[in-house]
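Subject: Structure handover

Hello,

Here is the structure I said I would pass on. Please look through it first, then read the notes below it.

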Amino acid sequence: MKIAVDAMGGDQAPLEIVKGAFSAVKELDDIEVVLVGDEQKIKSSIAELNVQSDNISIFHASEVVAMDEPATYAVRKKKDSSITRCAGLVSKGEAEAVVSAGNTGAAVAASMVCMRTLEGVKRPGIGIFIPTMHGSCMVIDAGANISCKPLHFLQYGVMASVYCESVLNIEKPTVGLLNVGEEDAKGNDLVKEAFGLLSNSSLNFVGNVEGREIFDKDVNIVVCEGFVGNILLKFFEGLTEDFLSTFRTEAKKDPETSRGLSLCEPVLKSILNRSDYSEYGGVPLLGVNGISIISHGRSDAKAIHNAIKAAMRISKYSVNEHIVEELKNNGCMEVG
C-alpha cells in the first residue's frame with residue numbers, strides 16, 4: 001500500500017512528519033510512503049535524522065497551504081501545494097491514501113476536489129473520537145460540512161456505522177443524534193427531519209443525545225452538523241488540557257496535597273492518554289473516493305506513525321466499498 005504524506009503540513013513539519021513516516025515503514029509490512037513537499041527541506045530532515053529506507057520516496061511540491069489561509073481558495077490557487085499534490089496522487093491511482101496534519105479545511109477541500117466523493121455520497125464527514133465512560137464515541141461531522149441537510153445526517157450515520165463495524169469490530173453500533181433534548185419533538189426543523197430519516201433506516205438508532213450524554217450514555221456514534229461538531233471537538237480539547245493543568249497547579253499549592261499528587265500521576269496520565277490525539281494519529285474523512293486521514297496540527301512523529309496505521313486499517317477492511325453498499329441498502333441515494 002502506498003500512502004502520500006503531506007510532509008509540510010503541521011506545526012512540527014517537516015522533521016516530525018518525516019520521522020513518523022520512517023517509523024511507520026520500519027514497523028509496518030507492505031507499506032510505501034511518498035513524502036510530498038519541499039524536496040530540499042525533506043532531504044535535510046532525513047539527513048538530520050540519519051535514516052534511510054527503500055520504502056520512502058519524495059514528490060516535490062513547491063507550495064504550502066498555511067494554517068490560516070482560506071481553504072478552498074488556497075487549494076484552487078496553490079496547485080502545487082503539498083496537500084493538493086497528495087490528493088492528486090490518490091486521484092491518479094499513484095497512492096491509495098493521503099495523510100495530512102496541515103490546514104484541515106484545505107485537506108478536506110483537496111480531497112473533495114481531487115478525489116471526489118464515493119458513489120451516492122453527498123458530503124463527506126470527519127469522524128472524531130471522544131473518550132467516554134464506556135470506551136469512545138465517534139462524532140461525525142467535526143467540520144467538513146457546516147451547511148447540512150437531513151440526508152447528510154443519515155449518510156453520516158451509515159458511513160460511521162460501517163467504519164465502526166469494519167475497523168473497530170463493533171457489532172450493530174448504536175447511533176445517536178446530537179440535540180438539545182432527548183424528546184423526539186426537540187430541536188430545529190433540520191434536526192427533526194434528520195431524526196425521521198434515521199428512525200426509518202436500518203441503523204441501530206437510539207434517538208436524540210444531549211451534549212452531556214456523549215460521555216455517560218453507551219452510544220457508539222453521534223451525528224451532527226460540522227459547525228456544531230467542530231465546536232464540540234475544540235471545547236473538549238481545551239477542557240481536558242485546562243482541567244489537568246489546573247488540577248496540577250492547585251495540587252502543588254499545598255505541600256501535603258503535592259505529595260499526594262505523585263500517587264495520582266498514573267491516573268492523570270491514563271486520562272491524558274485517552275484524550276491524546278497522537279494515540280489514534282488521525283481521523284478519517286469518510287465519504288471521499290480514496291482514503292484521507294486528517295491529523296492534528298500539533299502532530300508529532302508518533303501521531304503521524306499512527307495516522308498511517310489508521311489509513312492501513314481503512315484499506316484492509318474495504319471500508320469504502322462497504323459504505324457504498326450500505327448507502328444503497330438504506331436508500332440513501334434516493335432520499336431528499
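Helices and strands are DSSP runs, numbered from the N terminus: a helix has at least four residues, and a strand at least two. By that naming, Asn 208 is in strand S8. Bear in mind throughout that this is a predicted model.

Asn 208

Is Asn 208 buried or exposed? Its relative accessible area is 2%, and buried means under 20%, so Asn 208 is buried. Its side chain has two polar partners to look at. One is the side chain of Asn 179, joined to that of Asn 208 by a polar contact of 3.3 Å. The other is the backbone oxygen of Glu 183, which the side chain of Asn 208 reaches at 2.8 Å. Setting aside neighbours within four places in sequence, the residues in contact with Asn 208 include Leu 177, Gly 181, Asp 184, Phe 195 and Lys 217.

The aromatic pair

Phe 195 also belongs to an aromatic pair. The whole structure holds three such pairs. In one of them, Phe 195 and Phe 205 meet edge-to-face, with 5.3 Å from centre to centre and 75° between the planes. Phe 195 sits in helix H7 (residues 189-199) and Phe 205 in strand S8 (residues 204-209), so this pair ties together parts that are 10 residues apart in sequence. Both Phe 195 and Phe 205 are buried.

Helix H5

Helix H5 covers residues 104-115, which makes 12 residues. From first C-alpha to last it reaches 16 Å, close to the 16 Å expected at 1.5 Å a residue. At the N-terminal end, Asn 103 acts as a cap: one of its side-chain oxygens is 3.0 Å from the backbone nitrogen of Gly 105.

Which residues of H5 are buried? They are Ala 106, Ala 107, Val 108, Ala 109, Ala 110, Ser 111 and Met 115. Among the elements that cover them are helix H3 (71-77), helix H4 (82-91), strand S4 (97-100) and strand S5 (125-132). Strands S10 and S11 are also part of that cover.

Arg 116 comes just after H5 and lies in the loop between H5 and S5. Arg 116 is not a glycine, yet it has a positive phi of about 65°. With a relative accessible area of 55%, Arg 116 is exposed.

Helix H13

In helix H13 (residues 319-329), the buried residues include Val 319, Asn 320, Ile 323, Val 324 and Leu 327. Why do they lie on the same side of H13? They cover an arc of only 140° around the axis, which puts them on the same side. Glu 321 and Asn 329 are exposed on the other side of H13.

The cover over the buried residues of H13 includes helix H6 (150-166), strand S10 (282-286), strand S11 (291-295) and helix H12 (301-316). Just after H13, Gly 331 has a positive phi of about 65°.

The largest nonpolar core

How many residues are in the largest nonpolar core? There are 102, and those that touch the most other members are Val 5, Val 33, Leu 35, Leu 177, Val 223 and Ile 308. H6 gives the most to this core, with 10 residues.

Val 33 can serve as an example. Not counting residues up to four places away in sequence, it touches Ile 3, Val 5, Ala 21, Val 25, Asn 55, Ile 56, Ser 57 and Ile 308.

Backbone exceptions

Most residues other than glycine have a negative phi, and most peptide bonds are trans. A few places in this model do otherwise.

- Ala 13 and Pro 14 are joined by a cis peptide bond, with omega about -5°. Pro 14 is in the loop between strand S1 (2-6) and helix H1 (15-27).
- The peptide bond from Ile 140 to Asp 141 is also cis, with omega near 20°. Asp 141 is in the loop between strand S6 (135-140) and H6.
- Asn 169 is a residue other than glycine with a positive phi, near 60°. Asn 169 lies in the loop between H6 and strand S7 (174-178) and is exposed, with a relative accessible area of 68%.
- Arg 116, described with H5, belongs here as well, with its positive phi of about 65°.

Regards

Terms used
Residues are numbered from 1 along each chain as its sequence is written. This is a predicted model: local features need pLDDT of at least 70, side-chain atom pairs count only at pLDDT 80 or more; totals for chains, interfaces and linings use all residues. Side-chain values use heavy atoms; hydrogens and water are left out. Buried means under 20% relative accessible area, exposed over 50%, partly exposed in between (1.4 Å probe, protein chains only). The arc is that of the directions from the helix axis to the C-beta atoms. Contact means heavy atoms within 4.5 Å. Rings of Phe, Tyr and Trp (its six-membered ring) pair if their centres lie within 6.5 Å; planes under 30 degrees apart count as stacked, over 60 as edge-to-face and the rest as tilted. The expected span of a helix is 1.5 Å times one less than its number of residues. A polar contact is a pair of N or O atoms within 3.5 Å; within protein, one must be able to donate a hydrogen and the other to accept it, and residues adjacent in sequence count only if both atoms are side-chain atoms. A nonpolar core is a set of buried Ala, Val, Leu, Ile, Met, Phe, Trp, Tyr and Cys residues joined through side-chain atoms within 4.5 Å.
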